[in-house]
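Student: I would like a close look at one part of this model. Please take me through its pockets, and say how far the model can be trusted there.

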Amino acid sequence: MVVQNKDVLAYSQGFKYLHWLVALLVFGMLFVGFLLGYIPSAIKPTAYMLHKSVGLTLLCLMILRLIWTVLLKKPELPESMPRWEYFLARFVQHSLYFFLFAMPLSGWLMATASNKIPVYFGWLRVPFPGILPDKALAHWMSEAHYFIAYILLGLIALHTVGALKHRFIDKDDVLNSMMP
């Protein structure tokens with residue numbers, strides 16, 4: 001995950017592409033997720049099938065990303081960062097990981113408990129293991145899924161503002177370390 005380049009640690013190209021692929025899919029899923037209620041009924045089943053399928057794909061990508069992150073060293077943040085800023089950066093990063101797992105898991109649980117089991121891109125039924133239809137659980141997961149969307153929007157905003165601060169105010173290589 002980390003490569004040496006002119007004495008500056010940076011993420012590997014593969015990890016950078018994985019980061020940006022996840023980011024694009026998350027942006028798309030949040031955008032589409034908020035619009036699902038307004039989609040014409042003629043295409044609603046396809047839209048939900050695609051939303052669930054991409055959500056499961058995101059879950060798999062996040063598992064891959066977590067394994068990659070745990071096995072390989074991450075570049076260090078600049079030593080010049082104030083302690084509170086370092087803590088905030090790591091808190092936002094870890095929170096993003098947590099909620100990027102919680103979001104697809106809550107959707108998958110909701111779909112299975114609603115007896116609307118995801119059919120991965122129209123060809124493979126993927127029920128959540130051990131979950132039976134349960135209206136109360138489905139409702140609770142629906143609320144959680146919706147709430148997590150707003151948490152993710154806030155975390156993404158903080159993450160983006162932090163990256164832009166490094167680029168334009170601190171003028172360090174933190175943002176460059178994640179650019180492909």
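Tutor: Start with the second largest pocket, which has 34 lining residues. Those nearest its centre are Leu36, Tyr48, His51, Met110 and His145. Four elements, α1, α2, α3 and α4, each give two or more residues to this lining. The largest share comes from α2, with nine residues. By type, the lining of the second largest pocket holds 24 nonpolar residues, eight polar and two charged. The volume of this pocket is about 820 Å³.

Keep in mind that this is a predicted model. The average pLDDT over the chain is 93, and 95% of the residues score at least 70. One stretch needs caution: over residues 2-8 the pLDDT stays under 50. For that stretch the model has 13 contacts beyond four places in sequence, and these should be read with the low score in mind.

Now turn to the largest pocket, with a space of about 1100 Å³. Its lining is made up of 44 residues, and His19, Gln93, His159, Thr160 and Ala163 lie nearest the centre. The elements giving two or more residues to this lining are β2 (8-11), α1 (13-35), α2 (44-71), α3 (83-113) and α4 (135-170). Sorted by type, the lining of the largest pocket has 29 nonpolar residues, eight polar and seven charged.

Two helices named above can be followed down to single residues. In helix α2 you will find Thr57. The side chain of Thr57 comes to 2.9 Å from the backbone oxygen of Ser53. Once neighbours within four places in sequence are set aside, Thr57 has contacts with Tyr120 and Phe121.

Helix α4 contains Gly154. Is Gly154 buried, exposed or partly exposed? Gly154 counts as partly exposed because its relative accessible area is 31%, and the partly exposed class runs between 20% and 50%. Gly154 can also be placed relative to Leu96: the two are 58 residues apart in sequence, while their C-alpha atoms are 9.8 Å apart in space.

To go over the pockets once more on the structure, find His51 and His145 among the residues nearest the centre of the second largest pocket. Then find His19 and His159 among those nearest the centre of the largest pocket.

Definitions and conventions: Residues numbered from 1 in each chain as written. Predicted model: local features only at pLDDT ≥ 70, side-chain atom pairs only at ≥ 80, totals over all residues. Heavy atoms only, no water. 1 Å grid on protein atoms, 1.4 Å probe; cavity = no way out; pocket = protein on both sides within 12 Å on 5 of 7 lines; lining within 4 Å. Points joined across faces, edges and corners; volume = space filled by probe spheres on them. Nonpolar A, V, L, I, M, F, W, Y, C, P; charged D, E, K, R; others polar. pLDDT = per-residue confidence, 0-100. Contact = heavy atoms within 4.5 Å. Polar contact = N/O pair within 3.5 Å; in protein donor to acceptor, adjacent residues only side chain to side chain. Buried < 20%, exposed > 50% of the residue type's maximum accessible area, 1.4 Å probe, protein only.
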